[in-house]
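User: Please take a close look at one part of this model, the pairing framework and what is packed against it. A connected account with the cut-offs stated would be most useful.

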Amino acid sequence: MPDFAARRTMMVDTQVRPSDVTKFPIIDAMLSIPREDFVPTAQREAAYVGENLELERQRVILEPRTLAKMLDALDISRNELVLDVGSALGYSAAVIARMAEAVVAVEEDEALVAEAQEALNIAGIDNVIMHSGALAQGAPQHGPYDVIVVQGGVSRFPDELSEQLKDGGRVACLFVKGALGEVRIGRKQNDVITWRMSFNAGAPVLPGFEEEIAFQF
């Protein structure tokens, strides 16, 4: 029987802390949430490796380092509502739920939604709403949000999501161009999001976040 608790501690000590992530709420959440329960059953053995875990259809569960550094840059507070886009089996939502007041997790694959809900229930996490729908559409009925986190690559940040972010709110996105990617942190002021580069990372572009192709005549 694998000692997942020991692997969890090793993940934090070798992947998270060395990436200059030291905020207690992030460390505590990543030590507390059993990542192996939020990955496909066949990948439980690989739950704590330091790379993205591949799912079907160009989807991944982001590597622990990437998620931790995103959360570090966003500095989520206990009174904030967070939109977690592309949460797959719910790991990122579970981690964020320990820092925020509540999380709305969007996933367009209904089978993933059902599995995520079950995993969250087993973990005793009751401040996450699983929302089934197109990732790029978000969940406007539960917003606006203090923070938005996108769990995968994007070529563009959709207007629909921008509209769901509160003025003064923050967003973390992994912008991908070719094989390269960089996580940017955005802050919304007067209906405009201003982005700054935070760190390099990689992931496939999520469905609905591809570059829009302009028609040429």
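Analyst: Five bridges pair strand 3 with strand 4 in the parallel sense; here two strands pair if DSSP finds at least two bridges between them. Helices (H or I, at least four residues) and strands (E, at least two) are DSSP runs, numbered from the N terminus. The model is predicted, so local features need pLDDT of at least 70 and side-chain atom pairs count only at pLDDT 80 or more, while totals for chains, interfaces and linings use all residues. Residues are numbered from 1 along each chain as its sequence is written, and side-chain values use heavy atoms, with hydrogens and water left out.

Within this pairing, valine 82 has valine 103 of strand 4 as its bridge partner. Strand 3 (residues 81-85) is mostly covered, four of its five residues being buried. Buried means under 20% relative accessible area, exposed over 50%, and partly exposed in between (1.4 Å probe, protein chains only).

The wider setting is an open sheet of seven strands in the order 5-4-3-6-7-8-9, with mixed pairing. Strand 5 (128-132) and strand 9 are the edge strands, each pairing on one side only. On average, neighbouring strands of this sheet are turned by 20 degrees against each other, direction ignored. Strand 6 (residues 145-154) and strand 7 run parallel and are joined by six bridges; isoleucine 148 has valine 171 in strand 7 as its bridge partner.

Two helices pack on the sheet. Helix 3 (residues 64-74) touches strand 6, strand 7, strand 8 (180-189) and strand 9, and its direction makes about 135 degrees with that of strand 9. Helix 5 (residues 110-122) touches strand 4 (102-107) and strand 5, at about 170 degrees to the direction of strand 5. Contact means heavy atoms within 4.5 Å; axes are lines fitted to C-alpha atoms, for helices over the stretch in contact, and angles run from 0 to 180 degrees between N-to-C directions.

Helix 3 is largely enclosed by the rest of the structure, because nine of its eleven residues are buried. Those buried residues include Pro64, Leu67, Lys69 and Asp72. Just after helix 3, aspartate 75 takes a positive phi of about 50 degrees.

Beyond helix 5, isoleucine 125 occupies the loop leading to strand 5. Isoleucine 125 is buried, with a relative accessible area of 12%. Leaving aside neighbours within four places in sequence, isoleucine 125 is in contact with Ile33, Ala94, Ala97 and Leu120.

The interior can be described through its nonpolar cores, each a set of buried Ala, Val, Leu, Ile, Met, Phe, Trp, Tyr and Cys residues joined through side-chain atoms within 4.5 Å. The largest nonpolar core has 54 residues, of which Met30, Ile76 and Val128 touch the most other members. Helix 4 (residues 91-97) gives the most to this core, with six residues. Apart from it lies another core, of 20 residues, among them Val106, Ala139, Leu165 and Phe175.

Phenylalanine 175 also takes part in ring contacts. The structure holds four aromatic pairs. One of them joins phenylalanine 175 and tryptophan 195 edge-to-face, 5.0 Å centre to centre with 80 degrees between the planes. Because phenylalanine 175 lies in strand 7 (residues 165-177) and tryptophan 195 in strand 9 (residues 192-200), this pair ties together parts that are 20 residues apart in sequence. Rings of Phe, Tyr and Trp (its six-membered ring) pair if their centres lie within 6.5 Å; planes under 30 degrees apart count as stacked, over 60 as edge-to-face and the rest as tilted. Phenylalanine 175 is buried at 10% relative accessibility, whereas tryptophan 195 is partly exposed at 28%. With Phe157, these two residues form one aromatic cluster. In addition, the charged end of arginine 184 sits over the ring of phenylalanine 175, 4.3 Å from its centre. That description requires NZ of Lys or CZ of Arg within 6 Å of the ring centre and within 35 degrees of the ring normal.

Several loops adjoining the strands have unusual backbone features. Most residues other than glycine have a negative phi, and most peptide bonds are trans. Alanine 88, in the loop between strand 3 and helix 4, has a positive phi of about 55 degrees and is buried, with a relative accessible area of 3%. Asparagine 190, in the loop between strand 8 and strand 9, has a positive phi near 55 degrees but is exposed, at 66%. A cis peptide bond, with omega about 0 degrees, joins glycine 143 and proline 144; proline 144 lies in the loop between strand 5 and strand 6.
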